[in-house]
Amino acid sequence: MKIALTLNGQTQEADVWPGESLLFALRERFGLPGSKNACEQGECGSCSVLLDGTLVCACLVLAAQAEGHEIVTVEGLARDGALHPVQEAFVEAGAVQCGFCTPGLVVTAADLLARTPDPTDDELREALSGNLCRCTGYAKIFDAVRLAAGAA
Ligand code: FES
Ligand code: FES
């Protein structure tokens, strides 16, 4: 089946299998490998994207459900060649080790700061609680988000 959606600000079309996930379509049909597949069960957050401005796990959304909707992936956060402030802060704070969780964390943190520009530590922890990182111990990730929020 053919779907059309707005992907990182551009109208895109693809032929998809009715049962395939949005995550699969993003990576394999639309050439956007930023969203990662670490569990495919909605547990890790590595596939986090915005669907009409709402944070979702792309592995739990069918590609067909994205028909006519607006999707923003980690690739769509940069503007005019400049990294998003959260992306800059992850680099500056050294919040990346293997990097597998990073795209999902960046999308989640950008969503948090868009809604809550100066989050408390509790709000920050709650917002990022659906994103699992096996490497960093989270301290530098929290530092990065605080840095992006201008609170560090
Ligand atoms: S791959 Fe989607 S939540 Fe883990
Ligand atoms: S940096 Fe490796 S899983 Fe987070």
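User: Which residue forms a salt bridge with Arg-146, with the closest N and O atoms 3.0 Å apart?
Analyst: This model is predicted. A salt bridge needs a side-chain nitrogen of Lys or Arg within 4 Å of a carboxyl oxygen of Asp or Glu. Arg-146 brings the nitrogen, and the gap to its partner is 3.0 Å. That partner is Asp-121.

User: How many residues apart are Arg-146 and Asp-121?
Analyst: The pair links distant parts of the chain. Arg-146 sits in helix 5, residues 139-148, while Asp-121 sits in helix 4. Their separation is 25 residues.

User: Which residue in helix 5 lies three residues from Arg-146, about one turn of the helix?
Analyst: Arg-146 also forms a salt bridge with a residue of its own helix, at 3.2 Å between the closest N and O atoms. The two are about one turn of helix 5 apart. The residue is Asp-143.

User: Which residues are joined into one network by salt bridges that share partners?
Analyst: Arg-146 bridges to Asp-143, and Arg-146 also bridges to Asp-121. Shared partners turn these bridges into one network. Its members are Asp-121, Arg-146 and Asp-143.

User: Is Arg-146 buried, partly exposed or exposed?
Analyst: Look at the relative accessibility of Arg-146, which is 22%. Buried means under 20%, and exposed means over 50%. The value falls in between, so Arg-146 counts as partly exposed.

User: What is the relative accessibility of Asp-121?
Analyst: Both acidic partners of Arg-146 can be checked in the same way. Asp-143 counts as partly exposed at 35%. Asp-121 counts as partly exposed too, at 38%.

User: How many salt bridges does the count come to?
Analyst: The Arg-146 bridges to Asp-121 and to Asp-143 are among them. Another joins the side chains of Lys-2 and Glu-13, at 4.0 Å from N to O. By this rule, the full count is five.

User: Which strand holds Glu-13, the partner of Lys-2?
Analyst: Lys-2 lies in strand 1. The pair ties together parts eleven residues apart in sequence, because the two partners sit in separate strands. Glu-13 belongs to strand 2.

User: Is Lys-2 buried or exposed?
Analyst: The cut-off for exposed is over 50% relative accessible area. Lys-2 has 53%, so Lys-2 is exposed.

User: Which residues form a negative surface patch?
Analyst: Take one member as a check. Glu-126 lies in helix 4, residues 121-127. With a relative accessible area of 58%, Glu-126 is exposed. The patch is formed by Asp-118, Glu-123, Asp-122 and Glu-126.

User: Which residues of helix 1 are buried?
Analyst: Helix 1 spans residues 22-29. Its buried residues pack against strand 1 (2-7), strand 3 (48-51) and strand 5 (70-72). They are Leu-22, Leu-23, Ala-25 and Leu-26.

User: What is the relative accessible area of Glu-20?
Analyst: Glu-20 is found in the loop between strand 2 (10-15) and helix 1. Leaving out residues up to four places away in sequence, Glu-20 touches Ala-25, Arg-29, Leu-62 and Ala-63. Glu-20 is buried, and its relative accessible area is 6%.

User: Which residue takes a positive phi of about 70° just after helix 1?
Analyst: Most residues other than glycine have a negative phi. The residue just after helix 1 goes the positive way. That residue is Gly-31.

User: Where does Glu-40 lie?
Analyst: Phi of Glu-40 is near 60°, a positive value in a residue other than glycine. Glu-40 is partly exposed, with a relative accessible area of 47%. Its place is the loop between helix 1 and strand 3.

User: What is the relative accessible area of Asp-80?
Analyst: Asp-80 has a positive phi of about 50°, although it is not a glycine. The loop between strand 5 and helix 2 (85-93) holds Asp-80. Asp-80 is exposed, with a value of 84%.

User: How far apart in space are Gln-41 and Gly-68, C-alpha to C-alpha?
Analyst: Gln-41 lies in the loop between helix 1 and strand 3. Gln-41 is exposed at 56% relative accessible area. Beyond residues up to four places away in sequence, Gln-41 touches Cys-59 and Leu-60. Gly-68 is 27 residues away in sequence, and the distance in space is 24 Å.

Note on methods:
Residues are numbered from 1 along each chain as its sequence is written. Chains are lettered from A and ligands numbered from 1 in the order in which they are written. This is a predicted model: local features need pLDDT of at least 70, side-chain atom pairs count only at pLDDT 80 or more; totals for chains, interfaces and linings use all residues. Side-chain values use heavy atoms; hydrogens and water are left out. Patches are made of residues with over 30% relative accessible area and no salt bridge: like charges are joined within 9 Å, nonpolar side chains (Val, Leu, Ile, Met, Phe, Trp, Tyr) within 5 Å. Accessible areas come from the Shrake-Rupley method with a 1.4 Å probe; for residues, only the protein chains shown count as cover. Lys and Arg count as positive and Asp and Glu as negative; His and the chain ends are not counted. The place of a charge is taken as NZ of Lys, CZ of Arg, CG of Asp or CD of Glu. Helices (H or I, at least four residues) and strands (E, at least two) are DSSP runs, numbered from the N terminus. Buried means under 20% relative accessible area, exposed over 50%, partly exposed in between (1.4 Å probe, protein chains only). Contact means heavy atoms within 4.5 Å.
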